[in-house]
Amino acid sequence: MRIGIGYDSHRLIEGRRLILGGVDIPFEKGLKGHSDGDVLCHAIIDSILGALGEGDIGRHFPDTDLRWKDASSIMLLEHIINLAKSKGYEISWIDTVIIAERPKLSSYIEDMKKKISSGGVPSGILSIKAKTNEGMGFIGKGEGIAAWATCILR
Ligand code: MG
């Protein structure tokens, strides 16, 4: 059994779509990033890579590589799930938390689970929670959104 942890944060900027867990969420800003900036998927990817001892997302999908420009993070997740499978591991459980002051995310969680299951993590082994940062720090000021993930591989 292996355990992994992942964290990611991205800056909120104007002129970008807000994609979280593969879901396009209506909001006046979106997350800046080389790919689609999906912090939830990136945290999940890093938790799996951590459990595999395979470094981090930047090693597998460098932001200097044009193949990953505006890439769907669900697709990146699929790559990493396949990497885990090729090493003989299966995901037992993933728990996550998204930290965003705005917008309210609770009504999108089921859609996120559906999208992430299309990337290879069935919704029955995935927990997604959403919370605010109580107005504190960069998240509280609406400058960015962060996510944490832990996973267990067997
Ligand atoms: Mg990221």
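Colleague: Which strands does helix 4 (residues 109-118) lie across, and what is its angle to strand 6?

Modeller: Helix 4 lies across strand 5 and strand 6, running at about 140° to strand 6. Contact here means heavy atoms within 4.5 Å, and the angle, on a range from 0 to 180 degrees, is taken between N-to-C directions of axes fitted to C-alpha atoms, for helices over the stretch in contact. Helices (H or I, at least four residues) and strands (E, at least two) are DSSP runs, numbered from the N terminus.

Please keep in mind that this is a predicted model, in which local features need pLDDT of at least 70 and side-chain atom pairs count only at pLDDT 80 or more, while totals for chains, interfaces and linings use all residues. Residues are numbered from 1 along each chain as its sequence is written, and side-chain values use heavy atoms, with hydrogens and water left out.

Colleague: What makes strand 1 (residues 2-13) and strand 4 a pair?

Modeller: Two bridges join these antiparallel strands, and two strands pair if DSSP finds at least two bridges between them, so the condition is met. One partnership in this region is that of Leu 12 with Leu 31 in strand 4. Strand 1 is also joined to strand 7 (144-153), by ten antiparallel bridges, with Asp 8 standing opposite Ala 147.

Colleague: Why is strand 4 called an edge strand?

Modeller: The open sheet has five strands in the order 4-1-7-5-6, with mixed pairing. Strand 4 and strand 6 (126-131) are the edge strands, as each pairs on one side only.

Colleague: How do you know whether Asp 38 has a salt bridge?

Modeller: A salt bridge is a side-chain nitrogen of Lys or Arg within 4 Å of a carboxyl oxygen of Asp or Glu. For Asp 38, the nearest side chain of opposite charge is Lys 115, 9.5 Å away, so Asp 38 has no salt bridge. Asp 38 is nevertheless buried, a word that stands for under 20% relative accessible area (exposed is over 50%, partly exposed in between, with a 1.4 Å probe and protein chains only).

Colleague: What makes the approach of Asp 38 to the backbone nitrogen of Gly 22 a polar contact?

Modeller: A polar contact is a pair of N or O atoms within 3.5 Å; within protein, one must be able to donate a hydrogen and the other to accept it, and residues adjacent in sequence count only if both atoms are side-chain atoms. The side chain of Asp 38 reaches that nitrogen of Gly 22 at 2.7 Å, so the distance is within the limit. The backbone nitrogen of Cys 41 likewise lies 3.1 Å from a polar atom of the Asp 38 side chain.

Key:
Lys, Arg positive; Asp, Glu negative; His and termini not counted.
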